[in-house]
Amino acid sequence: MKLAWLLVLLPTALGRIVSRDSASSTCKHLEATYPDLTFFPLSPGYIKANTDFYTSSAWLGPACVFQPTDSRHLADAVLLLKNTSTPFAIRGGGHMPIANAANINSSGVLLSSFGLSQLKVSDDHSTVHVGPGNRWADVYKYLEPYGLSVVGGRLGVVGVPGYILGGGVAFFSNEYGWASANVVRFTGVLADGRVVTAKPNNEHADLFWALRGGGNSFALATDFELKTLRVPKVTVGMANYGFGVGEQFIRSVHDFATAGTKDPKAAVIPMAEYLPETGTVSYSAILFYNGNNATPAALQSFQKPTLTPLTNTFRYRSMNQWSQELDGAVGLLKGSRQRFYVLNIHASRKETIATVHDTFVEVAKTSLPIGVVVAAMAFPQVAEQYIHASTVNGGDPQDLDPDGAPYIWVEESITALAAVRDEDIDAFYTKVNGEIRQKLLADGVKLPEYTYLNDANPAQDSFGTFPPDNLARLRKIRARYDPDRVFTDLMPGGWKVS
Ligand SMILES: Cc1cc2nc3c(=O)[nH]c(=O)nc-3n(C[C@H](O)[C@H](O)[C@H](O)COP(=O)(O)OP(=O)(O)OC[C@H]3O[C@@H](n4cnc5c(N)ncnc54)[C@H](O)[C@@H]3O)c2cc1C
């Protein structure tokens, strides 16, 4: 075989050999049938789908982008990709900060959910159909005139499909559970091209269960029917506490997680941000209350006089209005490199929270790669009611253990210049989390097993932390719906039940 020919051959996860030609000829087939839905490099549709990601490491440059506006188009594309063994990826809002989670390089085709952006409330307003091309801001904006909300993203910029298929943590979760516990039905395309609807009580009830947190290994979602909440407004906003309040912040994180969450209408995202430029840590919190109350007892630990904000936007308004407050700022991060790691801890012991916080800051001071702009930790809580509220309709594959609650899923996130390499960020995560684990082990602290898929680093084995019986059941469901492992091997990005 000639060397030039060898060079255009790329190994795939299938263990087969696929040529770049395969992707470009698949693109030509797609274009021939769907000229308006197939985008090539330099076209606006291609540039948006390839670059509208939270991390710039995901700008991988697919051979083309296919953007269906109907489930049938997507089904046609899936059959073509399968029959030509062309690798592919599917994207939603693009917020999973892992390079190939929702994009692919020129060896494959990127399926974009952007064209599936339907939003339709039911006649009795009890549910809403949401297409995977929406972000939560679109959903909140659409629902505002109806006086409704849904259990969805805490920030509007996040995409609907990845968030729900991974579970979905919401401000409302201590009352209503995972966002995915509030899905009435999923519609999606199977690997054999069938378009099916999965409900808790139809012949696809097993698929329904799998999609409540099992990720993208089973079907490509084309519609989510979500329960609505008759909640026109909530009290929500951002409190900034400035620098030098670390000790009280740690106490407040502990007190809210263990006592404040007893009122399930309250939620907080406490945040500590280490800024390498100045070597300082800035403290803030997003405060939430499902009601018209800016001083609920549950939130006392994050309000004056316990922790006095320097600035505070906590006020009664719609989720749409809230989305507008922060989404502009998050949008400014476009082009930066982002990477997550999640550490699950029991909230019961304040010293555990202190060890995580102090070790993170200590290691950040010496070991962050040059080019990191912010190294942040968030300390959101998962209370017992969250877990009980999620058991509706047959429960979910995560099946969290209520006995260990409340948990804090410490979300570590790095924002860096685009030139910083993912490997260098991961070296920091390995070091800092290794040290945290060592210290906790020395103190006799056992960490909970479960690792949340949507906040995990690629080095973390999220599915390995699911209950083993549920993992086995997920594999069986995959074998039923996708026996050729099309959505696992030909679509390698994202979390797979393997
Ligand atoms: C700023 C920010 C805020 C966040 N806030 C929250 C929060 O409040 N709560 C929370 O739980 N998580 C949160 N997350 C994490 C978030 O849930 C995940 O990043 C999630 O994957 C985002 O969904 P997406 O559609 O934007 O993702 P994408 O990156 O587009 O996709 C994620 C995964 O879903 C798959 N996928 C996309 N579309 C489809 C489809 N139509 N069918 C099948 N699979 C599909 C992709 O292949 C990929 O593997 C946040 C993340 C960021 C960056």
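The exercises below concern a predicted model, and each is followed by a worked solution.

**Exercise 1. The annotated domain**

Task: State which residues UniProt lists for the FAD-binding PCMH-type domain, and describe that span in the model.

Solution: Begin with the record. An unreviewed UniProt entry gives residues 58–231 for "domain: FAD-binding PCMH-type". Next, take the two ends of the span: their C-alpha atoms are 36 Å apart. Last, read the secondary structure, which is 22% helix and 21% strand for residues 58–231.

**Exercise 2. The ligand surroundings**

Task: Identify the residues that come nearest to the ligand, then find polar backbone or side-chain atoms close to its oxygen atoms.

Solution: Start with the residues around the ligand, of which there are 31. Gly92, Gly94, Arg154, Val169 and Tyr452 come nearest. Then consider the backbone. A polar backbone atom of Gly94 is 2.7 Å from a ligand oxygen, and one of Met96 is 3.0 Å from a ligand oxygen. Now turn to side chains: an N or O atom in the side chain of Tyr452 lies 2.6 Å from an oxygen atom of the ligand. With a cut-off of 3.5 Å for a pair of N or O atoms, the Gly94 distance of 2.7 Å qualifies as a polar contact.

**Exercise 3. Tyr142 and helix H5**

Task: Place Tyr142 in its helix, list its contacts beyond sequence neighbours, and give its separation from Ser284.

Solution: Tyr142 belongs to helix H5, residues 136–143. Setting aside neighbours within four places in sequence, its contacts are Leu119, Lys120, Val121 and Val128. For the separation, count along the chain and then through space: Tyr142 and Ser284 are 142 residues apart in sequence, and their C-alpha atoms are 29 Å apart.

**Exercise 4. Two helix pairs**

Task: For H5 with H10 and for H11 with H13, give the geometry, the handedness and the residues that meet.

Solution: Take H5 and H10 (residues 319–331) to begin. Their axes are 8 Å apart and the packing angle is about 145°. This crossing is left-handed. On the H5 side, Ala137, Tyr140 and Lys141 take part, and they meet Met319, Asn320, Ser323 and Asp327 of H10. Sorted by class, the contact holds 3 nonpolar, 2 polar and 2 charged residues.

Continue with H11 (residues 350–367) and H13 (residues 422–442). The axes come within 9 Å and cross at roughly 145°, and the crossing of H11 and H13 is right-handed. Residues of H11 in the contact include Thr355, Val356, Thr359, Phe360 and Val363, while those of H13 include Phe428, Val432, Glu435 and Ile436. The class count for H11 with H13 is 8 nonpolar, 4 polar and 4 charged.

**Exercise 5. Backbone features in loops**

Task: Locate the cis peptide bonds at Pro305 and Pro406, and the positive phi of Leu42, relative to helices and strands.

Solution: The Lys304 to Pro305 bond is cis, with omega near 10°. Pro305 sits in the loop between strand S14 (280–289) and strand S15 (311–312). The Ala405 to Pro406 bond is likewise cis, with omega near 0°. Pro406 is in the loop that joins helix H12 (384–389) and strand S20 (407–416). Finally, Leu42 is not a glycine, yet its phi is positive at about 80°. Leu42 is found in the loop between strand S3 (38–39) and helix H3 (44–51).

Methods. Residues are numbered from 1 along each chain as its sequence is written. This is a predicted model: local features need pLDDT of at least 70, side-chain atom pairs count only at pLDDT 80 or more; totals for chains, interfaces and linings use all residues. Side-chain values use heavy atoms; hydrogens and water are left out. UniProt positions are given in the numbering used here, feature names are shortened, and annotations may be inferred rather than shown by experiment. Helices (H or I, at least four residues) and strands (E, at least two) are DSSP runs, numbered from the N terminus. Contact means heavy atoms within 4.5 Å. Axes are lines fitted to C-alpha atoms, for helices over the stretch in contact, and angles run from 0 to 180 degrees between N-to-C directions. A crossing is left-handed if the near helix is turned anticlockwise from the far one by less than a right angle, and right-handed if clockwise. Ala, Val, Leu, Ile, Met, Phe, Trp, Tyr, Cys and Pro count as nonpolar, Asp, Glu, Lys and Arg as charged, and the others, Gly among them, as polar. A residue is near a molecule or strand if one of its heavy atoms lies within 4 Å of it. A polar contact is a pair of N or O atoms within 3.5 Å; within protein, one must be able to donate a hydrogen and the other to accept it, and residues adjacent in sequence count only if both atoms are side-chain atoms.
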